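Hello,

Please find below the structure I said I would pass on. My notes on what was found in it follow.

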Amino acid sequence: MQNLTLLDGQKFQITIQRLCRQLIENHDDFSGSVLIGIQPRGIYLAYRVAEELRKILPGSKIEQGDLDITFYRDDFRRRNSPLVPNQTKIDFIIEGKKVIMMDDVLWTGRTIRAAMDAMQAFGRPEKVELLALVDRRYSRHIPVAADYVGIEVDSIASQKVVVSWKETDGEDRIVLVSEAK
């Protein structure tokens, strides 16, 4: 295996801060906007963005939730092992709000399609935007594009992008993993 570190340490944090500034440009004080992290790994991005936004915009109410998509995926019946769903935690109404969905890696687009289906159980948003920390640009199965992107990575199907979070993995880091020849 060959590992190439794409982003870590201070550059990782600067990327999160840049994404927050871009969000503020379009959502002002977030009075009509909400953040939703897609389980399992998008929630760490949503927590981090919400925390940073609260620092930048003290006094603003930043609503943030977690969305489980397990049973909305188009491949959930094709697995050999039983699925263990994650928790959905959305304690606000999304009806008429601008929703910013967040995931750590945008690859085929199937996760985003499933998240949009799952989100409908909580109301009809005015608008849906996508924030992805990593955009693997050339592997879409579904026509989905992120509105906000931390970094873009050109990769092939045999490669894997691994995002590590300080909260769960001990460090903030994005690595491109390739099989050694």
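**Notes on the model**

Asp28 sits in the loop that runs between H1 and S2. Please keep in mind that this is a predicted model. Asp28 is not a glycine, yet its phi is positive, at about 50°. Most residues other than glycine have a negative phi, and most peptide bonds are trans. The second part of that rule has an exception here as well: the peptide bond between Gln39 and Pro40 is cis, with omega at about 5°. Pro40 belongs to the loop between S2 and H2.

**Overall layout**

The protein chain contains four helices and eight strands. In sequence order they follow the pattern β-α-β-α-β-β-α-β-β-β-α-β. The C-alpha trace spans about 55 × 40 × 30 Å along its principal axes. The radius of gyration is 16 Å, which agrees with the value near 16 Å for a compact globule of 181 residues.

**The five-stranded sheet**

Strands of a sheet pair through backbone hydrogen bonds, either parallel or antiparallel. One open sheet in this model has five strands in the order S3-S2-S4-S5-S6, and its pairing is parallel. The edges are taken by strand S3 (63-67) and strand S6 (148-153); each has a single partner strand, so one side of each has no neighbour in the sheet. From one strand to the next, the twist averages 25°.

Within this sheet, strand S2 (residues 33-38) and S4 run parallel and are joined by five bridges. Gly37 is placed opposite Met102 in S4. Helix H1 (residues 9-27) packs on the sheet and touches S2, S4, strand S5 (127-136) and S6. The direction of H1 makes about 140° with that of S6. Helix H2 (residues 42-56) lies across S2, S3, S4 and S5, and runs at about 150° to S2.

**The three-stranded sheet**

Another open sheet is formed by three strands in the order S1-S8-S7, with antiparallel pairing. Here strand S1 (2-8) and S7 are at the edges; each has a single partner strand, so one side of each is left without a neighbour in the sheet. The twist in this sheet averages 25° from one strand to the next.

S7 and strand S8 (residues 173-178) run antiparallel, with five bridges joining them. Ser164 has Arg173 in S8 as its bridge partner. H1 packs on this sheet too, where it touches S1, S7 and S8. Its direction makes about 55° with that of S1.

**The largest pocket**

Rolling a probe the size of a water molecule over the atoms shows where empty space is left. How much space lies in the largest pocket? The value is about 740 Å³. This pocket is lined by 28 residues, and those closest to its centre are Pro40, Arg73, Asp103, Asp104 and Thr111. Pro40 is the residue that follows the cis bond from Gln39.

Which elements each supply at least two residues of the lining? They are strand S4 (98-106), helix H3 (110-119) and strand S7 (160-164). By type, the lining residues divide into 12 nonpolar, seven polar and nine charged.

When you open the model, the loop between S2 and H2 may be a convenient place to begin, since Pro40 is found there.

Regards

How values were computed. Residues numbered from 1 in each chain as written. Predicted model: local features only at pLDDT ≥ 70, side-chain atom pairs only at ≥ 80, totals over all residues. Heavy atoms only, no water. 1 Å grid on protein atoms, 1.4 Å probe; cavity = no way out; pocket = protein on both sides within 12 Å on 5 of 7 lines; lining within 4 Å. Points joined across faces, edges and corners; volume = space filled by probe spheres on them. Nonpolar A, V, L, I, M, F, W, Y, C, P; charged D, E, K, R; others polar. Pairing = 2+ DSSP bridges. Axes fitted to C-alpha atoms, helices over the stretch in contact; angles between N-to-C directions. Contact = heavy atoms within 4.5 Å. Rg over C-alpha atoms; globule rule 2.2 N^0.38 Å.
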